[in-house]
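Please follow this explanation with the sequence and the structure side by side, beginning with a pair of helices and moving outwards from there.

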Amino acid sequence: MKRVGVAILGVGVVGGGTFKTLVDHREFYQKTQNVDIVVESVLDNNRERALSIGVPEEALASSIAEVVANPNVDIVVETIGGCGVAKDFILAALRQGKTVVTANKELICKFSHELEREAKRNSCGLYYEASCVGGVPIIRTLLDGVQANHITSMMGIINGTTNYILTQMAQSGAQYEDALKEAQRLGYAEFNPTADVDGFDASYKLSILSSMAFHTKVPFAKIMREGIREVKATDIAYGKELGYTLKLLAIGKNTEKGIEARVHPTFIPSTHPLASVNDSYNAVFLTGDAVEDIMLYGRGAGSLPTASAVVSDVIFAATHSEIKYSTFKNTATASPETKFVANFESAYYVRLSVEDRAGVLAKIMGIFGKYGISIVEVAQKGKENETDDRVPLIVITHKSNENAMKNAAAKINASGIGAVESIVRVEK
Ligand code: HSE
């Protein structure tokens, strides 16, 4: 039976889960995959942590040089994270002809062109299923499952922390700050929550996934990004009354006008399959010209779910002699032929505070009309506090575009009769 040696760099949450999965399932893979996958080497600057999860003393390496010089190591798994030593270690492994499996979304988003060039130069693989949406096999689906299609759209809940926070806000009416504190207490959100709540994590993943789906590089810089810090529980509640659920969506569309790539809070109809993806769960909803709609759902993070993705790449690399690289020209920046749409079309939910007197509604509608924005629905609400001199007005629009909505909002704010309190894009 073919024997394949693996080294794991970093045995924290994901690396530890990878070690456990490979050790616990070794005989299972011998039977089902006809390959003996052996953890040969582990590098972690916390030796105690490595020993505590059962790494044998003799497998502990003391440097990356020792790992990559080990002739029994065929595949190097990087589960350190970030763009510091992780990048240097991966390059060192590739230069020694080792195939690399990584769970590192930021590194793949920003540097996959450079890493892939090195992998090709040394005829070794570079696989990163675990970089996007944890245990959900979205990368293999894009590479192997739906390649018959032109993928026209992708909508994903691809950050579990923000989905947990928004689910709490929707279910208990909690404000953002309180829901964030609860997410931090439970260990979903980090002490510094920026990467998740400001949409960076989702944008790294969207860059990787939309590049694959649309067969052209979609760099991080081309992604419009808005996080969830400004989301108000009151908008989630008003949206719910109108039949909408608020999610932080990562959206990629390939239209005749070009590619749209954006991450922002979005209302979707509460009947949409993505609306029932709650708590820290993730899902990706894909549309292809032949297959129509597909949804993949599961755990986007966590030790064993992410290890499931890492190990699936290890097994692929261990059982295939052919190497699979990106299905697009993997460059640092977008190719000059690729058009990106910044002024994209969307429907909108708008919450205004307006004076409650005759003629105000007509004037507000007149301003929307002047910018070509057609209205689907208007709901005037009662005063939120007795002392308020204005009332909330909720407007749902037909499809318009970003510039028209920004201009209309500025005009309303300058008019003195009302103020735009929040704008949420709506996907129908
Ligand atoms: N922090 C991410 C999330 C998991 O909340 O989904 C790793 O990408």
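In this predicted model, the axes of α5 and α6 come within 10 Å of each other and cross at roughly 20°. Because the crossing angle is under the 35 degrees that serves as the cut-off, α5 counts as roughly parallel to α6, and the crossing in which α5 passes α6 is right-handed. On the α5 side the contact is made by Ala-86, Lys-87, Ile-90, Leu-91, Leu-94 and Arg-95, and these meet Leu-107, Phe-111, Glu-114, Leu-115, Glu-118 and Ala-119 of α6. Sorted by character, the residues of this contact comprise eight nonpolar and four charged ones, with no polar residue.

The spacing of such contact residues can be read against a general property of helices. An α-helix has 3.6 residues a turn, so residues three or four places apart point the same way.

How does α5 sit among its other neighbours? Helix α5 spans residues 85–95, and its buried residues are Ala-86, Lys-87, Phe-89, Ile-90, Leu-91, Ala-93 and Leu-94. The cover over these buried residues includes the strands β1 (2–9), β2 (35–43), β3 (75–78) and β4 (99–102), together with the helices α4 (64–69) and α6 (105–121). After α5 comes Gly-97, which has a positive phi near 80°.

Helix α6 also meets a second helix, and here the geometry is of another kind. The axes of α6 and α11, the latter a helix of residues 200–214, come within 9 Å and cross at roughly 50°, which makes α6 oblique to α11. In this case the crossing is left-handed. From α6 the residues Lys-105, Glu-106, Ile-108, Cys-109 and Lys-110 take part, and they meet Asp-201, Tyr-204, Lys-205, Ser-207 and Ile-208 of α11. The contact of α6 with α11 is made up of four nonpolar residues, one polar residue and five charged residues.

These helices can now be placed in the chain as a whole, which is divided into domain 1 (2–134), domain 2 (138–300) and domain 3 (345–426). The centres of domain 1 and domain 3, taken over C-alpha atoms, are separated by 53 Å.

Some individual residues in loops also deserve a look, beginning with the backbone. Asn-34 has a phi near 55°, a positive value in a residue other than glycine, and its place is the loop between α2 (26–33) and β2. With a relative accessibility of 53%, Asn-34 counts as exposed, because the cut-off for that class is over 50%. Asp-279, in the loop between β9 (258–269) and β10 (281–288), likewise has a positive phi near 55° without being a glycine. The relative accessible area of Asp-279 is 32%, and this residue is therefore partly exposed.

Is Ala-189, in the loop between α9 (176–185) and α10 (194–197), buried or exposed? At 7% relative accessibility Ala-189 counts as buried, since buried means under 20%. Leaving aside residues up to four places away in sequence, Ala-189 touches Thr-161, Leu-180, Ala-183 and Gln-184. Ala-189 and Ile-294, by comparison, stand 105 residues apart in sequence, and their C-alpha atoms are 29 Å apart in space.

Definitions and conventions
Residues are numbered from 1 along each chain as its sequence is written. This is a predicted model: local features need pLDDT of at least 70, side-chain atom pairs count only at pLDDT 80 or more; totals for chains, interfaces and linings use all residues. Side-chain values use heavy atoms; hydrogens and water are left out. Domain bounds come from an automatic or database domain assignment. Buried means under 20% relative accessible area, exposed over 50%, partly exposed in between (1.4 Å probe, protein chains only). Helices (H or I, at least four residues) and strands (E, at least two) are DSSP runs, numbered from the N terminus. Contact means heavy atoms within 4.5 Å. Axes are lines fitted to C-alpha atoms, for helices over the stretch in contact, and angles run from 0 to 180 degrees between N-to-C directions. Angles under 35 degrees count as roughly parallel, over 145 as roughly antiparallel, 65 to 115 as roughly perpendicular and the rest as oblique. A crossing is left-handed if the near helix is turned anticlockwise from the far one by less than a right angle, and right-handed if clockwise. Ala, Val, Leu, Ile, Met, Phe, Trp, Tyr, Cys and Pro count as nonpolar, Asp, Glu, Lys and Arg as charged, and the others, Gly among them, as polar.
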